Amino acid sequence: MLADRLIVGASGFLGSAIMRKFGPKGTIGTTYSKVSEGLLKFDALNDDLRPILRELKVGAPVIFLFGMTKIDDCARDINKSRRINVEAAIRHIDSALSAKCKPVFISTDAVFDGRKGDYQETDETGPLHQYARQKLEVEEYLESVGASHLVLRLPKVVSALAEKGTLFRGWIEALERSEEIRCAEDQIFSPIEVGDFAECVGALLENGLTGTFHIGGPENLSRADLYDQLIEKIGNEFPNRRTMVRCNFEEFYEVIEDRPLNCSLNCDRLKLALGDHFRLKSMRDVCVEIASNLRSKNGCFGSM
Ligand SMILES: NC(=O)c1ccc[n+]([C@@H]2O[C@H](COP(=O)([O-])OP(=O)(O)OC[C@H]3O[C@@H](n4cnc5c(N)ncnc54)[C@H](OP(=O)(O)O)[C@@H]3O)[C@@H](O)[C@H]2O)c1
């Protein structure tokens, strides 16, 4: 039987959440370097997606999540990052379109220059770094082709399960080592919980929606404020912690390229499309879950 959807990059942070949302039935997922049961091996730089696309129903969504995803890595090696983030992405999007499938491309809130905030989908873009310029190039390609597609612009996605490499996990690891934690208070974003993100993807696809959507969480806040929310819930677990240092983003000398400061997303289009009953978790709710997972060693906390 032909499959209902394909997730290219299903072994990653967001891909795993979408896999959990849809379940294995009717879903094909790919992995690159991780050994993941039930996922197909696919190398976006060297493999052809067409044989996998033949296993899909006409009109099935193909969710593209692969790429070089760390902002400064893209700047460190522009040619390498372009090869995967732009050239391979466009090549496989073209294959998906030829197979009469619907590409779903995951982009970023950093396509904006961060001077205004509360960005709507129609606002002028102005990326400050290479990673976001590459995302925008693929967005513009999809727009120029004109076929049915989705572009989902995401803020930082967070998780209550502390997956490796995620924001809360990084903070909790630093708390365990009693390290100094510095947080920018002038960089504003609209973080969303990963399960909510997957629910939004599911609902947008179910409703047959197309075009560009901002998928942000319900509040705009700085990293420093988000850290304070986390400490409010888990601070007791780390009695020897050092006081967090609030700073401006420009004091992070280690970053290679500028970052937009206020990337808060206006998600009215998403709300209108999904209806008022669609509620997203507040960051306080996520921090409550983290506290409970931490105490009972759920999710990745058991292995920390
Ligand atoms: N996470 C966020 O907060 C966030 C925010 C905005 C936008 N995004 C975008 O959302 C997408 C997914 O993000 P993520 O956080 O889930 O990233 P991730 O955890 O790094 O996952 C990336 C996925 O791509 C696969 N991959 C890497 N190189 C590949 C290659 N050469 N060929 C085929 N597959 C390859 C990885 O496979 P293996 O793991 O098996 O190597 C993994 O499944 C990315 O495009 C990212 O830029 C993420």
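I take two residues to be in contact if their C-beta atoms, placed from the backbone, lie within 7 Å. The model I am reading is a predicted one.

**Entry 1, helix 8 against helix 10.** With that cut-off I looked up which residues join these two helices, and I found that Leu226, Gln229, Leu230, Glu232, Lys233 and Ile234 of helix 8 meet Met283, Arg284, Cys287, Val288, Ile290, Ala291 and Leu294 of helix 10. Sorted by class, this contact holds nine nonpolar, one polar and three charged residues. I then turned to the geometry: the axes of helix 8 (residues 223-234) and helix 10 (residues 283-296) come within 9 Å and cross at roughly 40°. Helix 8 and helix 10 are therefore oblique to each other, and I noted their crossing as right-handed.

**Entry 2, helix 1 against helix 7.** I repeated the look-up for this pair, where the axes of helix 1 and helix 7 (residues 194-206) come within 9 Å and cross at roughly 60°, which makes helix 1 oblique to helix 7. The crossing of helix 1 and helix 7 is right-handed. On the helix 1 side I listed Phe13, Leu14, Ala17, Ile18, Arg20, Lys21 and Phe22, and these meet Val194, Gly195, Phe197, Ala198, Glu199, Val201 and Gly202 in helix 7. By class I recorded nine nonpolar, two polar and three charged residues for the contact of helix 1 with helix 7.

**Entry 3, the ligand shell.** Helix 1 came up again when I looked around the ligand, since I wanted to know which element gives the most to the shell. Helix 1 does, with three residues, while helix 1 (13-22) and strand 5 (102-108) each supply at least two residues of that shell. I noted 24 residues surrounding the ligand, the closest being Gly9, Gly12, Tyr32, Ser33 and Ala44. The shell divides by class into 12 nonpolar, nine polar and three charged residues.

**Entry 4, the sheet.** Strand 5 led me to the sheet, in which seven strands form an open arrangement in the order 3-2-1-4-5-6-11, with parallel pairing. I looked for the edges and found strand 3 (40-41) and strand 11 (211-214), each of which pairs on one side only. Strands of a sheet pair through backbone hydrogen bonds, either parallel or antiparallel. For the pairing that involves strand 11, I noted that strand 6 (residues 150-154) and strand 11 run in the parallel sense over four bridges. Which residue of strand 11 is the bridge partner of Leu150? I found Gly211 in that place.

Technical notes. Residues numbered from 1 in each chain as written. Predicted model: local features only at pLDDT ≥ 70, side-chain atom pairs only at ≥ 80, totals over all residues. Axes fitted to C-alpha atoms, helices over the stretch in contact; angles between N-to-C directions. Parallel < 35°, antiparallel > 145°, perpendicular 65-115°, else oblique. Left-handed = near helix turned anticlockwise from the far one by under 90°. Nonpolar A, V, L, I, M, F, W, Y, C, P; charged D, E, K, R; others polar. Pairing = 2+ DSSP bridges. Near = placed C-beta within 6 Å.
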